[in-house]
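Dear colleague,

Please find below the structure I am handing over to you. My findings follow directly after it.

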Amino acid sequence: MNADRYCVMGHPVAHSRSPWIHARFAALTGERIAYDALLVPLDGFADTVRAFAAQGGRGCNVTVPFKQQAAQLADTHSERVAQAGAANTLVLEGGRIHADNTDGLGLVADIEHGACVPLAGRDVLLIGAGGAAAGVLAPLLARGPRRVVVCNRTHRKAHELAARHQDCAALHKTELLALDQQALEADFDLVINATSSSLAGAPVPVPAHALRPGALAYDMMYGPAARAFLDWATQHGALARDGLGMLVEQAAASFALWRGVRPPAGQVLAELRTLLTAP
Ligand code: ATR
């Protein structure tokens, strides 16, 4: 029997670690899958998904810059996709496309199980209001933190993101507000960087007093892109964690959606860290 086919679609995509991660999941669970990286032309996302499905493809992950298009292309989508306005996982079945978003699930799993910080009752600062922040806000709220503050360089976008999630926050009895950087007086148990400011070589866009003693500072990126934020956090006494665990956990959630089997994410994260830090 041939292996079931999956892939990650993006532009660029050559740097993606997803093929390696899913190959390890398959080996460790005994699932027979083949998973490739597919470079998609910028104007060819929908055609590529349909062609992949027509050739027997069972599902795909979607990365930059196609996550919004993936949400729009789908015949059906999860509530998570509706709230994020973006999808990172497509399930291709019987000629139909179902979209989900596992980014926020990955972030929450890595914070609660990887870093061992339960979110319930905590004060959380989410920095950024672009696609990365929008993709994780609802799953963060679903864990019942006491308070979530969204802070973004362009305040209007933070305000809009928070406004879109007020019902979700109320459901979980969480206070949700958008604040300007200058208005940030409180400190937080958890500070999440969902901006691309370090890619631009810009300083961390919030004051260091936002870090409560013993706080967890989490960058959703990993590798050199996360360095500036993690160094800043460590210099100010916080526990710093990059987004590699989120990457593995979101992949694990996609794998579980496709295969109905939960892969050992912790083991694969440890292996990936070793691989990436090897000389
Ligand atoms: P992504 O999908 O990665 O979130 P995006 O939608 O372009 O990408 O959003 C990038 C985020 O990083 C935004 O919150 C952006 O702030 P603005 O909304 O003000 O553009 C933030 N960002 C990018 N460069 C930044 C910088 N130099 N300082 C502060 N925030 C920055």
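For a chain of 279 residues, a compact globule would be expected to have a radius of gyration near 19 Å; the chain has 19 Å, so the two agree. Please note that this is a predicted model. Along its principal axes, the C-alpha trace spans about 60 × 45 × 35 Å. The chain contains eleven helices and twelve strands.

Of the 279 residues, 51% are buried. Among contacts with a separation of 6 or more, 69% are made by residues 24 or more positions apart. The exposed area of the chain is about 12600 Å², of which carbon and sulfur atoms supply 53%.

Turning to charge, there are 24 positive and 25 negative side chains, and the centres of these two sets lie 2 Å apart. Side chains of opposite charge can pair when their charged atoms come close. A search of the whole structure finds 17 salt bridges. Three of the pairs are described below.

Asp4 and Arg259 form a salt bridge in which the closest N and O atoms are 2.8 Å apart. Because Asp4 belongs to strand E1 (residues 4-10) and Arg259 to helix H10 (residues 244-259), this pair ties together parts that are 255 residues apart in sequence.

A salt bridge also joins the side chains of Arg143 and Glu112, at 2.9 Å from N to O. Arg143 sits in the loop between helix H6 (131-141) and strand E8 (147-151), while Glu112 is in helix H5 (residues 103-114), so the pair ties together parts 31 residues apart in sequence. As to burial, Arg143 has 41% relative accessibility and therefore counts as partly exposed, whereas Glu112, at 13%, counts as buried.

The third pair is Arg146 with Asp123, whose closest N and O atoms are 2.9 Å apart in a salt bridge. This pair links distant parts of the chain, with Arg146 in the loop between H6 and E8 and Asp123 in strand E7 (residues 123-127), 23 residues apart. Arg146 has 51% relative accessibility and so counts as exposed; Asp123, at 4%, counts as buried.

Which residues are linked with Asp123 and Arg146 in a network of salt bridges? They are Asp187, Asp189 and Arg212.

With kind regards

Note on methods: Residues numbered from 1 in each chain as written. Predicted model: local features only at pLDDT ≥ 70, side-chain atom pairs only at ≥ 80, totals over all residues. Heavy atoms only, no water. Helix = DSSP H or I, 4+ residues; strand = E, 2+ residues; numbered from the N terminus. Rg over C-alpha atoms; globule rule 2.2 N^0.38 Å. Buried < 20%, exposed > 50% of the residue type's maximum accessible area, 1.4 Å probe, protein only. Contact = heavy atoms within 4.5 Å. Areas by Shrake-Rupley, 256 points an atom, 1.4 Å probe, with all protein chains shown as cover. Lys, Arg positive; Asp, Glu negative; His and termini not counted. Charge placed at Lys NZ, Arg CZ, Asp CG, Glu CD. Salt bridge = Lys/Arg side-chain N within 4 Å of Asp/Glu carboxyl O.
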